[in-house]
Amino acid sequence: MVKILLTMAKMPKSQSLFVTRLYRGRIAVPRDLEKTCLGIAADDSAGQRWSRQHNYGGYTSYASLNDLTYRASIFADLERALSKHVAAFARELQFETAGKKLKLDSLWINVMEKDAVHTPHIHPHSVISGTYYVTVPPKSGVLRFEDPRLAMLMAAPAKKPNARPENRSFVDVTPKPGMLLLWESWLRHGVEPNRARGRRISVSFNYRLD
Ligand SMILES: [Fe+2]
């Protein structure tokens, strides 16, 4: 009887279900990565044009270059480092991959100038997405994640301003150079305006099962 009572006392009163994980890692910023990103940005006229036409507020190689890991060895090295973190995150998420492997699908440079924003979006056709921060001036915009159940909350009350991150509807993460963030690709997120004078440089990527 005593043993049963003790066991019951240890049981939590509530548990987390349908959890959304955000993975944080750190990779020391390679010395020439910023220079390489800016060099590619300066040379990639198709990417510059696409960024202008889509009011990107800077430059992205997203729509113009799909070979950065072949183009510059610094990106191949980065991919190796990223893949270790992605594998660790996949283990944490307990994916049943059925013999398939998580592989890099796309990787692109973002150079966001003053006042640039990136409206909320998801990354379709991918499993894990993420961003690695290279150059981050103070106040250059947070990455904002949304509760994926927003459309179903109906009469749920708003959360207290000091609610724990896992209880909030929106969670802001302030990037720092060398920070790596990974999330499942269906998770909606956006970048708040860059209020710094300087540009923020990051590398984003998608992994898919193959
Ligand atoms: Fe994104």
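**Notebook: iron site, sheet and salt bridges**

I looked up the iron ion and found its protein donors to be His-121 (NE2), His-123 (NE2) and His-189 (NE2), at 2.1 to 2.2 Å from it. I note that the model is a predicted one. Along the chain I read the spacing of these donors as H-x1-H-x65-H. I then checked the accessibility of His-121 and His-123, and both are buried.

**Entry on the sheet**

I next traced an open sheet of 4 strands, whose order is S4-S9-S6-S7 and whose pairing is antiparallel. At its edges I found strand S4 (118-121) and strand S7 (170-173), each of which pairs on one side only. On average, and with direction ignored, I recorded a turn of 15 degrees between neighbouring strands of this sheet. I recall that strands of a sheet pair through backbone hydrogen bonds, in either the parallel or the antiparallel sense.

I looked in more detail at strand S6 (residues 143-146), which pairs with S7 over 4 bridges in the antiparallel sense. Which residue of S7 stands opposite Glu-146? I found Phe-170 in that position.

**Entry on the salt bridges**

I noted 14 salt bridges in the structure, and I followed several of them individually.

I examined the pair Asp-67 and Arg-71, whose side chains meet in a salt bridge at 3.0 Å, N to O. Asp-67 has a relative accessible area of 24% and is partly exposed. Arg-71 is likewise recorded as partly exposed, at 47%.

I turned to Asp-210 and Arg-208, and their side chains meet in a salt bridge with an N to O distance of 3.0 Å. Through salt bridges that share partners, Asp-105, Arg-208 and Asp-210 are joined into one network. For Asp-210 I entered a relative accessibility of 43%, which counts as partly exposed. Arg-208, at 29%, also counts as partly exposed.

I last looked up Asp-32, which forms a salt bridge with Lys-35; their closest N and O atoms are 4.0 Å apart. Is Lys-35 buried or exposed? I found Lys-35 exposed, with a relative accessible area of 61%. Its partner Asp-32 counts as partly exposed, at 30% relative accessibility. I assigned Lys-35 to the exposed class because its 61% lies over the cut-off of 50%.

Note on methods
Residues numbered from 1 in each chain as written. Predicted model: local features only at pLDDT ≥ 70, side-chain atom pairs only at ≥ 80, totals over all residues. Heavy atoms only, no water. Buried < 20%, exposed > 50% of the residue type's maximum accessible area, 1.4 Å probe, protein only. Donors = N, O, S within 2.8 Å, 3.2 Å for Na, K, Ca; no water. Pairing = 2+ DSSP bridges. Helix = DSSP H or I, 4+ residues; strand = E, 2+ residues; numbered from the N terminus. Axes fitted to C-alpha atoms, helices over the stretch in contact; angles between N-to-C directions.
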